[in-house]
Amino acid sequence: MKKPILISSILSLCIGQNLSESMIISGDGVNSQADIAMNQEGVLYSVWLQNSNGYNIQFSYSDDGGSTFSEPNQVNDHLNSVIHIGNSGPKIDVWGDTIHVIWADERNGYTNSNIYYSQSVDQGETWTSSASIGQSAKFNIYPEIKVSADGHIHVIYYSYNRHSLDFDDIHYIESTDNGASFSSSVIASNFSDQEPCDCCAADIHVLENNSKILAFRNNNNNIRDMFSVSIQEGDTDWGHLTQISRDNFHINYCPSSGPSIDGFEQMTAVVYMAPYFDDTRIYLKVSHDNGSSYGDSILVDLDAETGINQDHPIVGFSPNGDTHIIWEDSRNFGDIYYGRLGNGDTVLTDLNNLTEEVDAATQKYPRMIVGSDASVYVVWTDFTNSGDIIFRNLQGNFVNIDEQVKQAKSFSLIGNYPNPFNPNTTIEIALKKREKISLQILDVQGRWIKTLVESELEQGIHHFRWSGKSHSSGIYFVKIESKSFSEIQKIVLLK
């Protein structure tokens, strides 16, 4: 059953941006540490922690792009035992009709904490009995999950000595049968040159060739720079230790956040917190060879004043290769900020404060997913009322049309309006130069519906109209293609 949107005040937008109004998706109580995922049909799924005499996992979904969310439903079957440690909340991903959730759980006592897994195949109405998937003789927290294009489930987590709670290793496990079973754990931090920071969660990225990259903050003699290790498809051992950042970040306390990693084609992006004189800032490093080497550090927010501290960044790619970044920012007692790096650019644009609250309240724990239409879906915790989970959609078209033409490598699929539509919609494309292109409509299975144009067009903005009058309601895709590039965006027909 859907519940009404709870609207807060409207944020003043930068030119060219299109931000939805924020909404509370959590139920009553103290809520925290949300995560978000999206399936191939554009359905959004979110999980978070709710404190009611102990922490439990709540779940909600939206099948209308975030306009409404379902009433929260509980995931875990053992009450009040989910662990609440900074950024060790539940994690979610989805493949096909199966929703996968993992979390750290202390049902057998804190020092016996382990990683648990549950799945749902009916939009979160029911969940399988939770299964322990971590090292049984260890203390395990900081889980992360990624489902690759082939449906394989990839999980990493931190493992500690159960008695001393000293850090041991980062472990990796995989399921190739949709969560029915998981492999024996493999130590991913099997190297001697560096020691992972034991209080900074790592992240994992699965490449198109099914190789995996694990990014982490190190703790070798209190120098907290970024490193990665990787494993090729078919190999059994992790290796290829690569130093990502060289900030010589020397501190003797826990910096509390590790890196976030994502990729697009041959590009891999890592964002992380590091010092900036006496403050901390978010930095971006980009690799164009699948993480083998990285370019210069990019300071995400060039305009932040002295005395501003930033932390806990998340990175994601849109289908055109743009890089999207969100982070915690200390301005106004703690807000969530956003920036975008256009494909091929070196300076971020569209920097904006996503937080609408004007009161002195802390906003924390941001998480993000980027859709096939380049929309950015963000969740975070708002501590105005002891903890609410806030959802916000940064809809596509992040720059105005003139800038779109300038930035396009050869062309850009700007979007369609209206969307959703009934029965007609207009599709806009921007060409940087005269080029032969094909513009097609596909159904949700990727089958051809109609070709709108297949010819050479002049530089500039072009409009094409499509009528869904003879087609049923649902999700369709617009595909634009040339010799060197292609792009796909989702459109929704509602009758």
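Strands, loops and one disulfide

Seven bridges pair strand β26 (residues 323–329) with strand β27 (residues 335–341) in the antiparallel sense. This is a predicted model, and the description below follows its strands, two loop residues and its cysteines.

Within the β26-β27 pair, D329 stands opposite D335 in β27. The two strands belong to an open sheet of four, ordered β25-β26-β27-β28, with antiparallel pairing. At the edges stand β25 (310–317) and β28 (349–353); each has a single partner strand, so one side of each is left without a neighbour in the sheet. Ignoring direction, neighbouring strands of this sheet are turned by 15° against each other on average.

Another open sheet of four strands lies earlier in the numbering, with the order β9-β10-β11-β12 and antiparallel pairing. Its edge strands are β9 (91–95) and β12 (131–132), and each of them pairs on one side only. Strand β11 (residues 114–120) runs antiparallel to β12, and two bridges join them. One residue to look for here is Y117, whose bridge partner in β12 is A131.

The loop that leads from β8 (73–74) to β9 contains I85. Is I85 buried or exposed? Its relative accessibility is 22%, so I85 counts as partly exposed; the cut-off for buried is under 20%. Leaving aside residues up to four places away in sequence, I85 touches Q33, Y110, I141 and Y142. The contact with Y142 joins positions 57 residues apart in sequence. Between the C-alpha atoms of I85 and Y142 the distance is 8.5 Å.

A second loop residue, S473, sits between β36 (460–467) and β37 (474–481). S473 has a relative accessible area of 41% and is therefore partly exposed. What does S473 touch, beyond residues up to four places away in sequence? The contacts of S473 are L493, L494 and K495. With K495 there is also a polar contact: the side chain of S473 reaches the backbone nitrogen of K495 at 2.9 Å. For L394, the separation is another matter: L394 is 79 residues from S473 along the chain, and their C-alpha atoms are separated by 24 Å.

The cysteines come last. A disulfide is a covalent bond between the sulfur atoms of two cysteines. How many disulfides does the structure hold? The structure holds one. It is formed by C199 and C254, with their sulfur atoms 1.8 Å apart. The link of C199 and C254 is right-handed, with 125° about the S-S bond. This pair links distant parts of the chain, 55 residues apart. C199 is in the loop between β16 (186–187) and β17 (203–206), and C254 is in the loop between β20 (239–243) and β21 (260–264).

The two partners fall into separate accessibility classes. C199 counts as buried because its relative accessibility is 17%, whereas C254, at 33%, counts as partly exposed. Two further cysteines can be placed beside them in this respect. C197 has a relative accessible area of 0% and is therefore buried. C200 is likewise buried, with a relative accessible area of 0%.

Key
Residues are numbered from 1 along each chain as its sequence is written. This is a predicted model: local features need pLDDT of at least 70, side-chain atom pairs count only at pLDDT 80 or more; totals for chains, interfaces and linings use all residues. Side-chain values use heavy atoms; hydrogens and water are left out. Two strands pair if DSSP finds at least two bridges between them. Buried means under 20% relative accessible area, exposed over 50%, partly exposed in between (1.4 Å probe, protein chains only). Contact means heavy atoms within 4.5 Å. Axes are lines fitted to C-alpha atoms, for helices over the stretch in contact, and angles run from 0 to 180 degrees between N-to-C directions. A polar contact is a pair of N or O atoms within 3.5 Å; within protein, one must be able to donate a hydrogen and the other to accept it, and residues adjacent in sequence count only if both atoms are side-chain atoms. A disulfide is a pair of cysteine sulfur atoms within 2.5 Å.
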